[in-house]
Amino acid sequence: SLLGMAVGATLSGCGGSENAASGGFAAAGSGSSPALTPTAYRYLPLTSAGQKLAGDIKALPRVEDGFPAFPGGVQLNDQRHVFFHALDEGEVRGIYRIDVNGTGTPSQVSKIIREGDRLPDGTTVGDFTDGCVNNSDDFVLGISDSQGAESIQCSLSGGGFQSQVRCYKDYSAQAKFAGELSRVQSISDDGRVLFVGEYFDQDGLASGDGLFVMPVGRPELAELVLAHEQLIPGTSAVIQCFTHVQLCNGGRYLAQGTASSSRGQSSLNSDGKPMTFLVTGRIGEAPQALAVDPALGTPGRGYQLATCYTCARMTPDSIAMVLQPDSDTTQLWLNQTKLLEASLDGGSLSPRGSKIVSFLPPVFGPSGLLYFQVFTQSGMELILHNGSRAITLLAKGDQLLGKEVETILFGTQTEGVNAQGDFVTILEFSDGEVGVFLAVPV
């Protein structure tokens with residue numbers, strides 16, 4: 001079941017001792033102040049299937065078939081506050097938090113939100129999105145209530161949730177929302193929320209998906225960043241919907257989704273597969289294409305002609321993306337440099353020497369370090385790349401805490417690594433135990 005979550009995320013060194021990898025730090029990069037690449041990690045178990053969550057709630061015990069206790073989403077911030085999704089014994093989904101102090105000691109589990117909760121504005125929580133946290137513990141997510149009405153909610157500094165925008169409400173000349181709000185969101189450290197919502201145009205007609213930004217708590221200042229059926233400059237791609245967004249401090253953003261060749265046309269190609277786009281930009285400025293479907297672009301225009309089904313990731317000055325220039329090839333790019341390739345005809349070998357089959361979304365760490373999971377012909381590996389070389393941090397079959405690693409799940413959310421180089425992952429062992437782990441450089 002955990003492997004199924006890992007595969008589904010694509011369309012989102014160990015062994016020196018029992019819990020630490022051997023090795024030290026290797027210089028990376030160039031110039032007078034090279035980045036340091038952590039090559040050894042200590043893995044701290046935070047919680048596992050069947051253990052107590054919050055109050056009298058226990059995580060779903062491990063099962064041979066059916067839902068996993070931890071269905072994919074796990075993230076952390078620079079305060080070492082870890083947020084993860086869990087199913088309880090009644091298969092009710094919730095988001096929970098564990099704080100880890102400087103000595104590596106975890107706190108008790110606290111609840112962020114859970115299906116069935118009643119929020120301060122009267123919303124009864126039905127479904128909710130993965131959510132996004134910043135370094136102030138502000139947490140934003142989309143919620144569908146028990147009647148299907150959607151809203152964007154935000155918890156400031158770990159406090160109660162406050163409604164930001166709701167469906168079928170007008171907030172500004174540009175922000176007049178229709179029914180769908182809760183697909184994807186991102187929150188920056190400077191307190192702005194980037195989100196997707198179905199909106200009404202100036203004529204009062206439902207337009208489809210738009211990308212909006214607003215300061216937390218100020219919906220009257222919501223701005224339309226990218227419009228439905230907006231033409232992406234330098235391409236023939238017309239935006240249809242959004243599947244992933246990310247917002248950095250200073251207003252720089254990343255957005256990807258599906259596109260068509262003209263207004264009112266299907267976003268499916270002749271093979272019945274979605275045509276995609278990936279853009280970046282700064283709020284208030286024209287977007288810049290990074291990758292568009294080959295049928296929607298022109299060679300030599302400064303972007304990649306490729307599909308982009310896997311979530312791209314960004315920092316204020318770098319972008320990592322997993323692209324497919326054709327149906328047989330998948331590539332990992334860092335800015336304009338291709339780092340690795342998976343191909344039926346060859347492709348790259350992992351640091352452990354196994355042929356790479358596919359990638360999960362990459363996650364940026366400190367100093368531009370890139371962490372990502374690959375599937376190989378012999379299993380899976382969690383890799384760290386410093387821009388010039390790659391090392392494997394953990395792989396299927398490694399021994400950790402006296403157990404054999406069976407499955408790794410990393411990279412399903414943007415905030416998977418913090419400024420100290422700590423990262424969070426879900427691990428499954430050969431005996432069936434599944435747990436959430438914080439990995440700390442040593």
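Is C248 buried or exposed? Let's start there, since you can find this cysteine in the structure above. C248 is buried, and its relative accessible area is 9%. One thing before I go on: this is a predicted model, so please keep that in mind throughout.

Okay, staying with cysteines. How many disulfides does the count come to? The count is 0. A disulfide, in general, is a covalent bond that joins the sulfur atoms of two cysteines. To be counted here, a pair of cysteine sulfur atoms has to be within 2.5 Å. Now look at C248 again: its closest cysteine sulfur belongs to C132 and sits 10 Å away, so that is too far for a bond. And C132? Its sulfur has C154 as the closest cysteine partner, at 9.7 Å, which again is too far for a bond. C132 is buried as well, by the way, at 3% relative accessibility.

Right, on to salt bridges. Here the count comes to 16. I'll walk you through a few of them.

Take D88 and R114. Their side chains meet in a salt bridge, with 2.5 Å from N to O. D88 lies in the loop between β5 (81–87) and β6 (93–99), while R114 is in strand β7 (residues 110–114), so this pair ties together parts that are 26 residues apart in sequence. As for surroundings, D88 is buried, with a relative accessible area of 4%, and R114 counts as partly exposed at 21%.

Next up, D398 and R352. This salt bridge has its closest N and O atoms 3.1 Å apart. Both residues are in loops: D398 between β31 (390–395) and β32 (399–400), R352 between β26 (346–347) and β27 (356–359), so the pair ties together parts 46 residues apart in sequence. D398 counts as buried at 10% relative accessibility, whereas R352 is partly exposed at 44%.

Then we have K396 and E406, whose side chains meet in a salt bridge at 2.7 Å, N to O. K396 is in the loop between β31 and β32, E406 is in strand β33 (residues 403–409), and the two are 10 residues apart. What about exposure here? K396 is partly exposed at 32% relative accessibility, and E406 is partly exposed too, with a relative accessible area of 29%.

Last one, and I like it: R93, E115 and D127 are joined into one network by salt bridges that share partners. Try finding those three in the structure.

That's my bit, thanks!

Definitions and conventions:
Residues are numbered from 1 along each chain as its sequence is written. This is a predicted model: local features need pLDDT of at least 70, side-chain atom pairs count only at pLDDT 80 or more; totals for chains, interfaces and linings use all residues. Side-chain values use heavy atoms; hydrogens and water are left out. A salt bridge is a side-chain nitrogen of Lys or Arg within 4 Å of a carboxyl oxygen of Asp or Glu. Helices (H or I, at least four residues) and strands (E, at least two) are DSSP runs, numbered from the N terminus. Buried means under 20% relative accessible area, exposed over 50%, partly exposed in between (1.4 Å probe, protein chains only).
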